[in-house]
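Open the model in your viewer and keep the selection panel at hand. The stops below say what to select next and what is found there.

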Amino acid sequence: MTARLPFLILLALPACVFAHSADDNGNGTQVDVALSASWRSDSAVPANTLWQIPGVLTGGHALPVDKGLSLDEASLTLSHQRPDGIYGLLKAETHGSEDSLSLEHAYLGFQPRDGVATWLRLEAGRMNGEFSPANREHASTRLFSETPLVMDAFLGRHFVDDGLRLVARLPGQLSLGVESWRGRAFPATSGQGSTDVFARWHFATESWQLEAGAFGMKSEAEKRIDERYSAGHSHGGTTLTGPDVNFIGETLLYGVSGRLTWWMADEARLSLQGEWLQQEPDGTVQNSSVTRQAFFTATQTGGYLQLEGRWKQHELGLRHESVVVDNQLTGSGAAVLAQDIPHLVNNGFNPERLTLAYAYAFRPGVKARLEWVRDESSATSQDRVAVGLVWRETLWQSGD
Amino acid sequence: MPSATSFTARALAARAVVAFLTLLLTACGDDSSTRIDTGNLNVTAFDWQLPLGIPLPVEPADNPMTEEGFQLGRHLFHDTRLSGNNTQSCSSCHQQTKAFTDGLTVSVGSTGQAHPRNAQALVNTAYNPTLTWANPSLVRLEQQILVPLFSEDPIEHGITDLNREEILQRLRDEPRYAPLFAAAFPGDTDPVTYTNIVKALASFTRGLTSFNSAFDRYSRGDASALSNAAKRGLSLFNGERLECFHCHTGYNFTDSTVDRATTRIETPFHNTGLYNIGGTGAFPENNHGLFEITGKPTDMGKFRAPTLRNIAKTAPYMHDGSVATLQDVLRFYSAGGRLITSGPHAGDGRLSPFKDDLIVSFTISDAEIADVIAFLESLTDESFITNPRFSNPWTTTP
């Protein structure tokens, strides 16, 4: 797997960002709202059951979807762009099974409008990592309501942290960026931090568009627990507690991404998009009393590939996702810990998911979504149907 | 007609798509795997006869367990010739029928001198991170065994510089020992040494494992192995009212346990409120517990929580044998300590300033006491008590 990576990077060169930033607003202030709600015919796991992706130390905010009506995402964004190139963004958001509204983004940015450094962009504050296109998507921006499985497995659903970002836009539609993070976001822990470098390349013709990217990230963790279930998270009305295990060590994460779009006509396009990640944790797993510990190393890969078509107000897409793990537990405590962390032991099972989605934008900024999901991400295969509504709108906009 | 630029773009795009699909499809083709490498966790030359789920004990690198060492140790353990006056063997204070205790309040040495402490049961000592009642520095059997053999105060086996060679000669003169020593220590030209004797005794003691009680059979799926009373007692034992499990926990019913899978060894000692002489928290002289080693005032009266396996066979109880029966033990804990109203040890242990925070009083009925005792009795391993493998070889035909 690792040997193939440089070869593939040569073929799929870096590309530009998919998603929104304050830079897109132009001068002035803007307030945006986004909401996605879905009714699902079944939960990803039965009530009072932990959701663990087999073979992976899952964590962060990767919580399972629930049966019934739930709010996938709700956000309110305030952004302001000044003529001198300084801009700021505040975003309050709640998503998934979280019960509270949190300040998801709060950052300042600067991109000179004139002078010699117009090709540089600097941002600092709380923001999501730009290294992965999927990390910048939400239930309201993508065709599929559920986050890609690989994002749940390796990044705890999404990577949002306090940090600093510097992006250089080079000739030939090539962008290079570096990000440094405090460590609030999985797979790091606070005080240990993460750092990543990424590259993007964008190429377009009249009817074709190719966006490709690659990144590498290193994160450090000190006694990282599964925070999803350690604070008494209530899922199904009963407080669930995860296994008594924490991780100490570093995690290397690499990824390549690509999106090829073919504009068949003015109102019709076909796109093929995917992302492939490889995670390499290298450290120690132990129980809280440190009476049992073992070395844990792994090469875990995952990705998604989705084909989407859009014609006027209609969208249709098919997404396939999978995760493969190659884990090793070493040490005298390995066998005992393997019993204490049964979900970490995965032999012969590759979590997979297949989703078919259709969306119809019956009003500007509002669309209805229908999905069928074959979920084989855990030992029990499950089919579920989801019906949802998505609303994205700029509530207010002013200019200077 | 397509331009060269659009042709190049399409070609590049096609290569990218093919590369990407190849990457994803190839990744999907591999199967997940998890390898568990426990190193030498399960490597041993000795038949420990442990049930599934019980981890192997630690074997010292300089005295790995062998059957030959175990058998030599068994002979030495039961041999009164391993004492100054030919009257005392290890089994004098550690009798198999009593789970390798002696049934006395405190043990008595070869010269009649009383030991300040109650003989500890030699049950699963291989899993003890510290030996004796209250010495955190005695972490190996090979260290601890030197004490009863050579101790002068109190005298136990009574081996001294004056008689040590004479004792070794007794062993050399015993025909059964020559092949035993040779098998246990091949390559030694003169294997009959105190170093080898201690190693062999340690091997035998280490090999005294007990995991076949009625409770064990119940844990392994035999629902009929425990009486209803014992099941109620189990629930009380592990409940938040009695909280026995805080100190008597795990597969060996003690919070002082180590095995090969242990990473951080914990060696807890507890003051249970047995004494509080004059309200100062003091314990009787020459029985101060952990304080005797550390000198820390807060360590006064702290002792190691022993295993409860075979506890019904090891009366009397506590470090000084001052609690006669299991009923008395339960009433002592339900009171949250012991009140001594008169005599040289008068004081209210319930109010000891050094008492463990876990020792709080609780209410318990006579019927519940009976249930808990039924559970404790279910921890008796009859196969351990009667196992000929551990028995006195000098009273049976070889």
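A contact, as the word is used on this tour, means heavy atoms within 4.5 Å. Keep in mind that this is a predicted model.

**Stop 1: a helix in chain B and its cover**

Select residues 326-335 of chain B, which form helix α12. The buried residues in this helix include B:L326, B:V329, B:L330, B:F332 and B:S334. Now add residues 366-377 of chain B: this is α13, part of what covers the buried residues of α12(B). Then step to B:G336, which follows α12(B) and has a positive phi, near 80°.

**Stop 2: chain A as a whole**

Show chain A alone. How many helices and strands does chain A have? There are 4 helices and 16 strands. Of the 400 residues in chain A, 55% are buried. Among contacts between residues at least 6 apart in sequence, 66% join residues at least 24 apart. Chain A exposes about 16,300 Å², and carbon and sulfur atoms supply 59% of that area.

Colour chain A by pLDDT, the predictor's confidence in each residue. The average for chain A is 88, and 89% of the residues score at least 70. Select residues 1-23 of chain A, where the pLDDT is below 50; this stretch has 66 contacts in the model beyond near neighbours in sequence. Residues 232-237 of chain A also stay under 50, and for them the model has 16 contacts beyond four places in sequence. Where pLDDT is low, the predicted coordinates should not be read in detail.

**Stop 3: a nonpolar patch on chain A**

Switch on the surface of chain A and select A:W39, A:L69, A:L316, A:L318, A:L356, A:Y358, A:Y360, A:F362, A:L370, A:V385, A:V387 and A:L389. Together they make a nonpolar surface patch of about 1,100 Å². Strands β13 (314-330), β14 (352-363) and β16 (382-397) of chain A each supply at least two residues of the patch. Which strand gives the most? It is β14(A), with 4 residues. For a single example, pick A:V387 in strand β16 of chain A. Its relative accessible area is 43%, so A:V387 counts as partly exposed.

**Stop 4: salt bridges**

Over all chains, a search of the whole structure finds 47 salt bridges. Start with A:D72 and A:R40, whose closest N and O atoms are 3.1 Å apart in a salt bridge. This pair links distant parts of the chain: A:D72 sits in strand β2 (residues 68-81) of chain A and A:R40 in strand β1 (residues 28-40) of chain A, 32 residues apart. Are these two residues buried or exposed? A:D72 is buried at a relative accessible area of 10%, and A:R40 is buried at 1%.

Next select A:R165 and A:E179, a salt bridge with its closest N and O atoms 2.7 Å apart. A:R165 belongs to strand β6 (residues 160-170) of chain A and A:E179 to strand β7 (residues 174-181) of chain A, so this pair too links distant parts of the chain, 14 residues apart. Both A:R165 and A:E179 are buried.

Move to chain B and select B:D62 and B:R140, which form a salt bridge with the closest N and O atoms 3.1 Å apart. B:D62 is in the loop between β1 (33-37) and α2 (67-77) of chain B, and B:R140 in the loop between α3 (90-93) and α4 (141-144) of chain B, 78 residues apart. B:D62 is partly exposed at 41% relative accessibility, as is B:R140 with a relative accessible area of 28%.Back in chain A, select A:R40, A:D72, A:E146, A:R319, A:E321, A:R353, A:D375 and A:R384, which salt bridges with shared partners join into one network.

**Stop 5: aromatic rings**

The structure holds 27 aromatic pairs over all chains. Select A:W201 and A:F203: their ring centres are 5.8 Å apart and their planes at 20°, so the pair is stacked. A:W201 is buried, with a relative accessible area of 13%, whereas A:F203 is partly exposed, with 27%.

Then select B:F150 and B:Y194, whose ring centres are 5.4 Å apart with the planes at 70°, so this pair is edge-to-face. B:F150 lies in helix α5 (residues 146-150) of chain B and B:Y194 in helix α8 (residues 194-206) of chain B, so the pair ties together parts 44 residues apart in sequence.

Finish with B:F46, B:W48, B:F70, B:F77, B:F100, B:F204, B:F384 and B:F390, which form one aromatic cluster.

Methods:
Residues are numbered from 1 along each chain as its sequence is written. Chains are lettered from A and ligands numbered from 1 in the order in which they are written. This is a predicted model: local features need pLDDT of at least 70, side-chain atom pairs count only at pLDDT 80 or more; totals for chains, interfaces and linings use all residues. Side-chain values use heavy atoms; hydrogens and water are left out. Patches are made of residues with over 30% relative accessible area and no salt bridge: like charges are joined within 9 Å, nonpolar side chains (Val, Leu, Ile, Met, Phe, Trp, Tyr) within 5 Å. Accessible areas come from the Shrake-Rupley method with a 1.4 Å probe; for residues, only the protein chains shown count as cover. A salt bridge is a side-chain nitrogen of Lys or Arg within 4 Å of a carboxyl oxygen of Asp or Glu. Buried means under 20% relative accessible area, exposed over 50%, partly exposed in between (1.4 Å probe, protein chains only). pLDDT is the predictor's confidence in each residue, from 0 to 100. Rings of Phe, Tyr and Trp (its six-membered ring) pair if their centres lie within 6.5 Å; planes under 30 degrees apart count as stacked, over 60 as edge-to-face and the rest as tilted.
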